Amino acid sequence: MSAQDAPFALEACNFSFQYPDAAAGIGPLEWRVEQGAFQLLVGATGSGKTTLLRYCKPAIAPAGEQGGTLTFFGCPVGDLSERESAEAVGYVSQSPENQIVCDTVWHELAFGLENLGLPPHEMRRRVAEVAHFFGIEPWFRRAVSDLSGGQKQMVTLASVLALQPRVLLLDEPTAQLDPVAEKNFLHALFRVNRELGITVVVATHAPESMAPYATNAVELRAGKIAPVPLERFASQSLAIPPMRKMSAENEESSASTPAISLHDVRFRYRREEDWVLRGLDLDVLPGSLHALVGGNGCGKSTLLRVVAGVLKQERGRVINTLAASQAFLPQDPKALFVCDTVADELREWQRACGYADTDLQETLTRFNLADRTTNHPYDLSGGQQQLLALAKLLLTNPRLLLLDEPIKGLDAPSKLLVARELTTRAAAGTTVLMATHDLAFAALVAHTATMLFDGEAVSTEPAPAFFAHNLFYRPTEDAFTRLWRKHSEGARP
C-alpha cells in the first residue's frame with residue numbers, strides 16, 4: 001500500500017516510549033489520525049502530549065526507548081529522511097521565541113526553504129503565498145523583535161506552512177495569545193485545515209476555544225489514548241461571582257500607602273523606537289492579587305520587568321516598597337533553571353533563604369514533582385517546568401510576587417493548585433501582580449484587574465466588575481472554573 005493510499009495520516013500500534021533513566025513514559029497505546037482531520041489532543045500536565053507529537057517528527061524526536069510502531073501515511077516515522085521530515089511534518093511549538101531563528105519576518109518565512117535548497121523563484125512564490133494567506137504583508141519587512149506575541153505565532157505557522165507539510169502538529173499554540181489574537185490564530189488554522197486539506201493535531205489545555213474548529217478529540221491519560229466527545233468542551237459564558245474581599249488585615253493596609261506605585265512611567269527598548277509604556281499610572285495595594293490583562297505587545301511583560309527593577313524606566317516614577325523581598329517569574333520558566341536536576345533547582349537558594357529540607361520535600365509533593373527529582377528541568381513537560389519555576393520562587397517566601405503568565409500550559413488541576421497557592425499567600429499578606437491571558441483564572445482569583453492598551457493602564461476595576469462588563473475580555477466556563485467552584489464551595493464555613 002502506498003503512502004497516498006494509507007487510510008490514516010498518523011497511526012500508532014502498540015506504541016510506547018520511555019525516557020532513559022526516568023519514570024516518565026507513554027504507552028503502549030493505539031492512536032489514529034484520519035487524513036484531513038482536525039484533532040484535539042488533551043491530557044493532564046506531564047501526561048506525554050508533547051512527547052507523542054515530537055516523536056512524529058524525527059528531527060525533534062526525544063531520545064529514549066521505543067516500542068511498537070508509529071507510521072506517517074503508512075510509512076514508519078523513523079524511516080523518513082531528514083528532508084521528508086522537514087517538508088511533510090510541520091511542528092509549531094508553544095513559544096514562538098524558541099522556534100524563530102531569523103531577525104526579520106521575510107527571512108523567517110524563507111529560512112526553511114533556503115535550508116531545503118529550493119530555487120529562488122520557488123522560494124519567492126511560496127513566501128508570497130503564505131504571507132498573503134495570513135495577512136502578513138503589512139509587517140512583512142519588520143524585525144521579528146518588534147512583533148506582538150500573536151504576530152510571532154502567525155509567522156511561525158506561516159513559515160512552517162511554506163514547506164507545504166501534509167500534517168501540522170501544534171503544541172499549546174495559543175497559550176501565550178490574548179483572546180482576540182487567539183481567535184484570529186484559530187480561524188487561520190481552521191482555514192489551513194479545511195481549505196488546504198492539511199491534517200492538524202493540536203495538543204491543548206484549552207479545548208473549549210478550539211472545539212468549534214475540531215473534527216474529533218482524544219485524551220492521553222495514564223499512557224493510553226481514548227476518544228473524547230467534543231460536546232464535553234462546549235463553551236458558555238462564565239457566571240462572574242460577587243466581588244471578593246481581601247482579609248481584614250489586608251483591607252486595613254490597603255487604605256495606606258500602595259505596595260507598588262507608578263506615575264507617568266515611560267519606557268522604550270531603543271531611542272529610535274516607539275514607547276512601550278507611555279505615561280503609565282498604576283497603584284497596587286498591599287496584600288492584593290492584581291491581574292494585568294491586554295493584547296499581545298501592550299506592555300504587560302515590560303511593566304513587570306520595570307517593577308522588578310530588571311528594566312529602568314526612561315521617565316516617570318516607580319515606587320516598589322517590597323523590592324527587598326520580591327520574586328519575579330519571567331514568561332519563559334527556563335530562565336530560572338541553572339541546575340542539572342529538579343531537586344537541585346529547589347535547593348539552589350536554600351542556604352541564602354533558610355528554608356528546611358522538609359519544606360523542600362513538601363513542596364515537591366505539593367507541586368506533583370516528587371517523582372521527577374532526578375530529572376533535568378529541561379526534560380520536564382512545559383507545564384511541569386512552569387510549576388517547578390513557581391515552586392522555586394515560593395520557597396523563598398517573598399512578600400511580593402511578580403508573575404508573567406504563571407499558568408501558561410497548565411491543566412485544570414494544576415491551575416487550581418496555583419490559584420490556591422496565590423490566594424492563600426495573598427490572604428497572609430503577600431502582594432501579587434500577575435500578567436495573564438487566562439480570563440477565567442483572573443476573574444475568579446484576582447481582587448483587581450487592570451487593562452493595558454497602547455502603553456497605558458486604561459482601566460482598573462475590581463475583577464468581577466471588570467470581567468462582567470467586558471465585551472471581548474469576558475471569560476468562559478472551562479474545566480478550571482468547575483474545579484474552582486467546587487473548591488470554593490468546600491472552603492465555605
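Biologist: Why is strand E16 (residues 400-404) described as largely enclosed by the rest of the structure?

Modeller: This is a predicted model, where local features need pLDDT of at least 70, side-chain atom pairs count only at pLDDT 80 or more, and totals for chains, interfaces and linings use all residues. Residues are numbered from 1 along each chain as its sequence is written, and side-chain values use heavy atoms, without hydrogens and water. Strands here are DSSP runs of at least two residues, helices (H or I) of at least four, numbered from the N terminus. E16 is largely enclosed because its buried residues (under 20% relative accessible area, 1.4 Å probe, protein chains only) number 5 of the 5.

Biologist: Which residues cover the two faces of E16?

Modeller: Both faces are covered. One side has Leu400, Leu402 and Asp404, all buried. The other side has the buried Leu401 and Leu403.

Biologist: Which strand pairs with E16 over 5 bridges?

Modeller: Two strands pair if DSSP finds at least two bridges between them. Strand E15 (residues 326-329) pairs with E16 in the parallel sense over 4 bridges, and Gln326 has Leu400 as its partner. Asp404 of E16 is bridged to Ala435. That residue lies in the parallel partner with 5 bridges, strand E17.

Biologist: Through which helix does the chain cross from E16 to E17?

Modeller: This is a β-α-β crossover, and it is right-handed (clockwise from the first strand over the helix to the second, with the strands pointing away from the viewer). The helix on the path spans residues 412-427. It is H14.

Biologist: Which are the edge strands of the sheet of 6 strands?

Modeller: The sheet is open, and its pairing is mixed. The order is E6-E7-E8-E3-E9-E10. Inside it, 4 bridges join E3 to E8, which run parallel, and Leu40 stands opposite Val202. Each edge strand pairs on one side only: E6 (89-92) and E10 (224-228).

Biologist: How far apart are the axes of helices H3 and H5?

Modeller: H3 (residues 105-116) and H5 pack at an angle of about 35°; axes are lines fitted to C-alpha atoms over the stretch in contact, and angles run from 0 to 180 degrees between N-to-C directions. Contact (heavy atoms within 4.5 Å) is made by Val105, Glu108 and Leu109 of H3 and Val155, Ala158 and Ser159 of H5. The axes are separated by 7 Å.

Biologist: Which strand does E11 (residues 260-267) join antiparallel, with His263 bridged to Arg317?

Modeller: E11 is joined to E12 (residues 277-284) by 5 antiparallel bridges, and there Ile260 has Val284 as its partner. Arg317 belongs to another antiparallel partner, E14.

Notes: Buried < 20%, exposed > 50% of the residue type's maximum accessible area, 1.4 Å probe, protein only.
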